[in-house]
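Grab a coffee and work through a few short exercises on the structure below. Try each task yourself before reading its solution.

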Amino acid sequence: MNTERSSSTDHTLIIDGAAAAANVIESIKETVRSERLRPGLAVILVGKDPASGVYVRSKKRRAEECGFLSRQYDLPEETTEVELLALVRELNQDPDIHGILVQLPLPPQINPHSVIEEIVPGKDVDGFHYSNAGRLGTGDIGQAIVPCTPLGCLHLLKQVLGDGIRGKHAVVIGRSNIVGKPMANLLMHNDCTVTIVHSRTVEPQNICRQADIVVAAVGIPRLVKADWIKRGAVAIDVGINRVTKPNGETGLVGDIDYENVFPLVSAITPVPGGVGPMTIAMLMLNTLNAASRSSLSPADAQ
Ligand code: NAD
């Protein structure tokens, strides 16, 4: 459900990512039941990073809720790259597993690129393998597994704009391989005119102010101020930043200065409760699709 609040635009839509994610999860459950599928997701956690532990547990819970086979591998901090690669190879061959996710970051003795490249592209449900990145980059979207966070952002944007997304000027702030670059490619594939703003961009606010769509994926609390925003734009906030409030309590804020940007935009995602829940829902969707593809043609999973 989307909620609205009055503002100096006609109205501002608060894009409810939790509700959108719940809808996606319900439709996944329905597909799993009706098609008698048993998608299998393996999540590998190396070490004891508390934030990673929270993410992995919530992925496991969601997978179980969707009716998936859910396996979690907790490996010690001192795991070697050779040992991790051996586990990935084993899971590549396991017919019950359709999605393999290695939680990042990894300890310094393990090269994350080597590990990601070891996952067979058809089971790379994070969409980080060069093969999936290349397919997305060349517009071969039907064959690509697309990274979950940008996919979730696109889903929310289409919910708000529908076909009206076409021809819009989208400014993506951030150029990471996980969010910024795949987001830009997805928007381009959806016929947006795309500009990427990054840490070396000169006067980013002047570029951002031309945007019909702003996607902020930086990791700097409230970087995007009201004077970066064109009236009526749609704002998607990917940032998750833990900050200490004046009363000493800690809380989460995004990369967009929500309170001051809110009156200007036509729609905005809150933090928390916007993009975050969609990321896990898209992981489930990628896993379901990987399982469906492998049930049609097991060779495609390789
Ligand atoms: P990253 O650190 O890999 O990339 C940050 C990007 O921001 C870089 O490309 C850099 O060029 C750019 N940048 C840095 N300073 C800038 C500035 N002053 N102006 C413009 N651009 C600047 O981060 P990431 O992995 O892409 O994540 C970005 C944020 O999104 C983080 O807060 C992260 O926690 C969050 N995140 C959220 C989800 C989710 O599910 N909601 C998923 C992934 C990441």
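A polar contact here is a pair of N or O atoms within 3.5 Å. Keep in mind that this is a predicted model.

**Exercise 1.** Find out which residues sit closest to the ligand, and look for polar contacts.

*Solution.* Start with the surroundings: 20 residues surround the ligand, and the closest are R175, S176, V238, I240 and T279. Next, check the atom pairs. In I240, a backbone N or O atom is 3.1 Å from a ligand oxygen, so that pair falls within the 3.5 Å cut-off. The side chain of S176 puts an N or O atom 2.5 Å from an oxygen of the ligand, and a polar backbone atom of S199 is 3.2 Å from a ligand oxygen. Last, the cover: on its own the ligand has 860 Å² of accessible area, and the protein covers 70% of that.

**Exercise 2.** Work out how α6 and α10 are arranged relative to each other.

*Solution.* Take the axes of α6 (residues 148-161) and α10 (residues 275-296): they come within 8 Å and cross at roughly 110 degrees. The two helices are therefore roughly perpendicular. Now look at who touches whom: C148, T149, L151, G152, C153, H155 and L156 of α6 meet V275, M278, T279, M282, L283 and N286 of α10. Sorted by class, that contact has eight nonpolar, five polar and no charged residues.

**Exercise 3.** Locate the cis peptide bond from V271 to P272.

*Solution.* Check omega first: it is near 0 degrees, which fits cis. Then place P272, which lies in the loop between β12 (267-268) and α10.

Methods
Residues numbered from 1 in each chain as written. Predicted model: local features only at pLDDT ≥ 70, side-chain atom pairs only at ≥ 80, totals over all residues. Heavy atoms only, no water. Axes fitted to C-alpha atoms, helices over the stretch in contact; angles between N-to-C directions. Helix = DSSP H or I, 4+ residues; strand = E, 2+ residues; numbered from the N terminus. Parallel < 35°, antiparallel > 145°, perpendicular 65-115°, else oblique. Contact = heavy atoms within 4.5 Å. Nonpolar A, V, L, I, M, F, W, Y, C, P; charged D, E, K, R; others polar. Near = heavy atom within 4 Å. Polar contact = N/O pair within 3.5 Å; in protein donor to acceptor, adjacent residues only side chain to side chain. Areas by Shrake-Rupley, 256 points an atom, 1.4 Å probe, with all protein chains shown as cover.
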